[in-house]
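Student: Hi, could you walk me through this model with me asking as we go? I'd like to begin with how the helices touch each other.

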Amino acid sequence: MLKKLFASFKDKNTVGGLEKKIIKNHKDITSIKNELSKVKFGNKKSVLQEKLGKLSKEKERLEDELLKLINKDCLYLGLSADFDNLKNGLELKLVKWEDVSNHCLVLGTTRVGKTKLMLNIIKQNILRGDNIIVCDPKNGIDLEVFNKMIEFADNANRIDEFLYVNPFMPNATEYFNPIFNMSDDEVASLISSILYPGEDSDSKFYSGHAETILKALLYALSYLEMNTDPKKELKTQIIKEQWHIYEMIKTKNLKIDENNSKDVFDKIETQIINKELGTIPIFNRSFLTFRDILFYLDKEKIKLLKTSCESIPPIDEKTASLRSQVLIQIDKFLLLPDEFNSKISLALVNFLSSLSIGSLGDMLCTIKINPIAARLFNNEKGLILLMHPVPMIAKKTSEHLVKVILKSLESIYGGVSLTGRAVNNRRLYIHLDEGESALYKGAESILNKGAGLGQTMLIYTQSDADLSHKLGETLAKVSKDSLNTTFIFKMNDVSSKEKVVEMFGQKYIMESNVMYREGASATSFSNTKKNYLTTSSIDKLGVGECFFINKDSKNKLFLPFISGVDTERCLVVTDLRDEEKITKMLVDLENRNLGV
């Protein structure tokens, strides 16, 4: 297979030459590491460490040369040993991009190389020109993923395509409205399905009623807006003004504060109020945010919307039909028993409050449009998006953020199946580190349909058990059926290791048996089935080593080298949070009293 790939490259001789150099370099590094394991301290250890550093840099240089030749066609995964052709020894592992487009699962405990694998694939995504979204909950010391992504983007001349989302870093994060330009049904479905994700009868019951409440107010606002701004002149004007505000925020060192936000938005609000005071009232549906939905989520306000719809006549058959649907939806809502209405409304209020108030609310509700979604549709400029949801600071906030973004992507790419038009000429790769914290019941639909609509998801998690715990056994199995590529690093969970052994399957081994009888010998041959892997072979994997299965290919991989953060070139340091400033002040006071 590898020789066939070589034959397709114009510089096949150069690729073959690099393969030999990379294999020799790998063997030299392995030899130095073996020597280091036997030396505890002293000058010899320092000399060996210096040699290892030079060899590692040389390996990265050689691999970068290789990527320039093969990146357009293939993903490079390091060196491999093919289980079915071990006699071939080590060779480059190149996989056609289309062969890994159907989602990937990466299993392994902490500090075994999962993040390095993710960075290696991200590096090649960026170099190739793909759109990528990376969810990195753990962040980490030196902001490794953040800094390496900036380095990769800079090397590929794509630094202006880099966007950052972190609700706890208001001076750096993007501001966007994830429900902008979504239909009423999509917004209602997004909120109700995240709030009630289960497939059991109770979840379906409450989800259905939550959707009814949301549709009642959304349909009403759509009807009123269509009748008061039929030519969409004000809508076009506000989109342009909102984009101007977005650019102002970007140019002011990505900084936005309460006073600045108020000054800027006063101009927009004044224009809308002036229109409302004129002969034609204005009702805002197109620029609705979660905060606005929360405002309308009240029985009395929905009754007022009904009265407005009844008092404003439709301008054509389309709006007449919409008004009929509005009144039906509102009546369905008003007929709900008070006990259900109160329970569902309270759940909606709590959920929407988490998306509307505080740092997350500022990020999702300050800007009325969605510049991130606009970038996905832009064939001229790509998207390199890093999300830091920070679950260790605010677990619920982080989960809601990731779910909203994934559901909004589901809506965007769902449009492809409706229209037959691709979102973009670039494929979207979604990397979910600590994937179990990002997944939720309902995410399996993205896995089942997303690959054929232009997106590939890569889920990095500690074990198969994490997926089952998060999604439930049935949905976890459905999700895994959509994954055609798996990387297995060292794992601790025994049941997960046993499932991996089963996943890799068995092979026939020819065995000979020699029997002696009455001074003569006879040899017989038999085919015996043996597992490709054992739980022991998984336990023996080193850092940066993993087993790999893709279609019919089963390999042991030795991953490419990814250097640490280059602190002289592109170290990003975040602003001190208020909590850190207070802690620093206490430490300074203590040290002053101690005379430090």
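Student: Which residues of α7 meet which residues in α12?

Tutor: On the α7 side, the residues in contact (heavy atoms within 4.5 Å) include Thr212, Ile213, Ala216, Tyr219 and Tyr223, and among the residues they meet in α12 are Leu322, Val326, Gln329, Ile330 and Phe333. The helix names follow DSSP runs numbered from the N terminus, a helix being H or I with at least four residues and a strand being E with at least two.

Student: What classes of residue does that contact have?

Tutor: The contact of α7 with α12 has ten nonpolar, six polar and four charged residues, where Ala, Val, Leu, Ile, Met, Phe, Trp, Tyr, Cys and Pro count as nonpolar, Asp, Glu, Lys and Arg as charged, and the others, Gly among them, as polar.

Student: Before we go on, where does this model come from, and how are things counted?

Tutor: It is a predicted model, in which local features need pLDDT of at least 70 and side-chain atom pairs count only at pLDDT 80 or more, while totals for chains, interfaces and linings use all residues. Residues are numbered from 1 along each chain as its sequence is written, and side-chain values use heavy atoms, with hydrogens and water left out.

Student: And how confident is the prediction along the chain?

Tutor: The mean pLDDT, which is the predictor's confidence in each residue from 0 to 100, is 83 for the protein chain, and 81% of its residues reach 70 or more. Confidence is lowest in helix α9 (residues 258-277), with a mean of 39, and highest in helix α4 (residues 114-128), at 97. Over residues 253-282 the pLDDT stays under 50.

Student: Back to α7 and α12, at what angle do they cross?

Tutor: The axes of α7 (residues 201-228) and α12 (residues 317-334) come within 8 Å and cross at roughly 150°, the axes being lines fitted to C-alpha atoms, for helices over the stretch in contact, with angles from 0 to 180 degrees between N-to-C directions. That makes α7 roughly antiparallel to α12, because angles over 145 degrees count that way, while those under 35 are roughly parallel, 65 to 115 roughly perpendicular and the rest oblique.

Student: What other helix does α7 meet?

Tutor: Residues of α7 including Leu217, Leu221 and Leu224 meet Ile302, Leu305, Ser308 and Cys309 in α11. The residues of this contact divide into nine nonpolar, one polar and no charged. The axes of α7 and α11 (residues 299-311) come within 10 Å and cross at roughly 35°.

Student: Changing topic, how many strands does the sheet have, and in what order?

Tutor: It is an open sheet of eleven strands with mixed pairing, in the order β2-β1-β13-β12-β9-β3-β8-β7-β4-β6-β5, and two strands pair if DSSP finds at least two bridges between them. The edge strands, β2 (91-96) and β5 (162-165), each pair on one side only, and the twist averages 25° from one strand to the next.

Student: In what sense do β4 and β7 pair?

Tutor: Strands β4 (residues 131-135) and β7 (residues 428-432) pair in the parallel sense over five bridges, and the bridge partner of Val134 in β7 is His431. Helix α5 (residues 144-155) packs on the sheet, touching β4, β5 and β6 (384-387).
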